[in-house]
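Q: Could you please take a close look at one part of this structure with me? I am new to this, so I would love to go slowly and then see what else can be found elsewhere.

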Amino acid sequence: MKRKSKHVLPTRYVLMIMTGICVAVMLLSFTLNISGGPLNTVAGYVFIPMQEGINTVGLWMTDKADNLKKLSEVMAENQELREQVDKLTSELTTVTLEQYELENLREMYDLDKKYPSYEKVAANVIGKTGGNWFSSFTIDKGSDDGIEVDMNVIAGSGLVGIVTDVGPNYATVTTIINDMSKVGGMVTTTSDNLIVSGSLQNMNENMVIDFSNLNDSDDEVQVGDPIVTSYISDQYQQGILIGYIRTIEMDSNNLTKSGTITPAVDFEHIEEVLVILTKKQKAE
């Protein structure tokens, strides 16, 4: 068996020797300024490809650096644009809220002017019972502000309900859609009296409340007629709008009529109310 030679140079040394030779040839070529000949030929085969490779790598690195710079600039611009969008969104939200508050104030002002003979105090809703409807809620004004039990409460376009409990800085309002509510009403077109009853079930199903005991022997009352609080009511001031007749039918006794009323107030969204500080004078 033939034995391997022990004098083989490691690869790294061979590479170092070849690199040294190439460098020497390059130096000789530039120092002696030899044009043509084997040295230039060797230089052409060895150094030109190396130079081209270095140039290619350099261009690639330059492109990558430019791309990174552009990416950084784009990210900075995106951040600036994002901050501008956030600022504009915040300003738009503020303007929207201010517009909403202005509309609420205008609505309260119009309502106040609608019933000029009653002294009133404005209050904000701070709590309500469960469910979608404001059948009972709490306001942020109380006895310290002159509010008492049985005072009428209005909002939107008409009657909300009545104060049923009072503390120094709060009051509870029970609304006309509450199942326990009864209001003496009157048809404005005929002055006929009736009884308005709250009904959460009807509010859930058709957004209406009930009325009954209407005497309309001449069939003058029509769908759409306004209903206001009656002068004979023992708790509510006269002439406050309750709503509009939606349905009407003859009772089984053939003497009175009953039906439903669409409330004038949006009982799903109540934020501010006016409390009438004058209570109805009860007959003795």
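A: Let's start with Leu71, which counts as partly exposed because its relative accessibility is 46%. That value falls between the 20% below which a residue is called buried and the 50% above which it is called exposed. Please keep in mind that this is a predicted model. Leu71 has its place in helix H2, which covers residues 37-114. Together with Leu68 and Met75, Leu71 makes a nonpolar patch of about 330 Å² on the surface.

How does that fit into the whole? The protein has 284 residues, and 32% of them count as buried. Its secondary structure comes to three helices and twelve strands. The protein exposes about 18,400 Å², and carbon and sulfur atoms supply 56% of that area. Among contacts between residues at least 6 apart in sequence, 58% join residues at least 24 apart.

For a contrast with Leu71, move to another helix. Met203 is in helix H3, residues 200-206. Met203 counts as buried because its relative accessibility is 3%, whereas Leu71 is partly exposed at 46%. What does Met203 touch, leaving out residues up to four places away in sequence? The list is Trp133, Ile177, Val208, Ile209, Pro263 and Phe267. You can also follow Met203 to a residue far along the chain: Glu268 is 65 residues away in sequence, and the C-alpha atoms of the two are separated by 9.9 Å.

Next, the rings. The structure holds one aromatic pair. The ring centres of Phe134 and Phe137 are 5.9 Å apart and the ring planes meet at 70°, so this pair is edge-to-face. The reasoning is short: planes over 60 degrees apart count as edge-to-face. Phe134 and Phe137 are both buried. Phe134 has a charged partner too, since Lys128 lies over the face of its ring, 5.1 Å from the ring centre.

Charges bring us to the salt bridges. How many does a search of the whole structure find? There are three. In one of them, the side chains of Glu148 and Lys279 meet, with 3.2 Å from N to O. This pair links distant parts of the chain: Glu148 is in the loop between S2 and S3, Lys279 is in the segment after strand S12 (272-276), and 131 residues separate them in sequence. Glu148 counts as partly exposed because its relative accessibility is 40%. Lys279 is also partly exposed, with a relative accessible area of 32%.

Now look at Lys257, which meets Asp216 in a salt bridge of 3.0 Å, N to O. Lys257 lies in strand S11, while Asp216 lies in the loop between strand S8 (209-214) and strand S9 (226-229), so the pair ties together parts that are 41 residues apart in sequence. Is each of these two buried or exposed? Lys257 is buried, with a relative accessible area of 8%, and Asp216 counts as buried at 5%.

Lys257 forms a salt bridge with Asp219 as well, and here the closest N and O atoms are 2.5 Å apart. Asp219 is in the loop between S8 and S9 and Lys257 is in strand S11, so this pair ties together parts that are 38 residues apart in sequence. Asp219 is partly exposed, with a relative accessible area of 47%. Put these pieces together and you have a network of salt bridges that links Asp216, Asp219 and Lys257.

Finally, let's visit two loops and look at the backbone. Most residues other than glycine have a negative phi. Asp150 has a positive phi, near 80°. You can find Asp150 in the loop between strand S2 (136-139) and strand S3 (152-155), and the loop between S2 and S3 is also where Glu148 of the salt bridge with Lys279 sits. Asn254 has a positive phi too, near 60°. Asn254 is in the loop between strand S10 (241-250) and strand S11 (257-263). With a relative accessible area of 59%, Asn254 is exposed, because the word applies to values over 50%.

Methods. Residues are numbered from 1 along each chain as its sequence is written. Side-chain values use heavy atoms; hydrogens and water are left out. Patches are made of residues with over 30% relative accessible area and no salt bridge: like charges are joined within 9 Å, nonpolar side chains (Val, Leu, Ile, Met, Phe, Trp, Tyr) within 5 Å. Accessible areas come from the Shrake-Rupley method with a 1.4 Å probe; for residues, only the protein chains shown count as cover. A salt bridge is a side-chain nitrogen of Lys or Arg within 4 Å of a carboxyl oxygen of Asp or Glu. Helices (H or I, at least four residues) and strands (E, at least two) are DSSP runs, numbered from the N terminus. Buried means under 20% relative accessible area, exposed over 50%, partly exposed in between (1.4 Å probe, protein chains only). Rings of Phe, Tyr and Trp (its six-membered ring) pair if their centres lie within 6.5 Å; planes under 30 degrees apart count as stacked, over 60 as edge-to-face and the rest as tilted. A charge sits over a ring if NZ of Lys or CZ of Arg is within 6 Å of the ring centre and within 35 degrees of the ring normal. Contact means heavy atoms within 4.5 Å.
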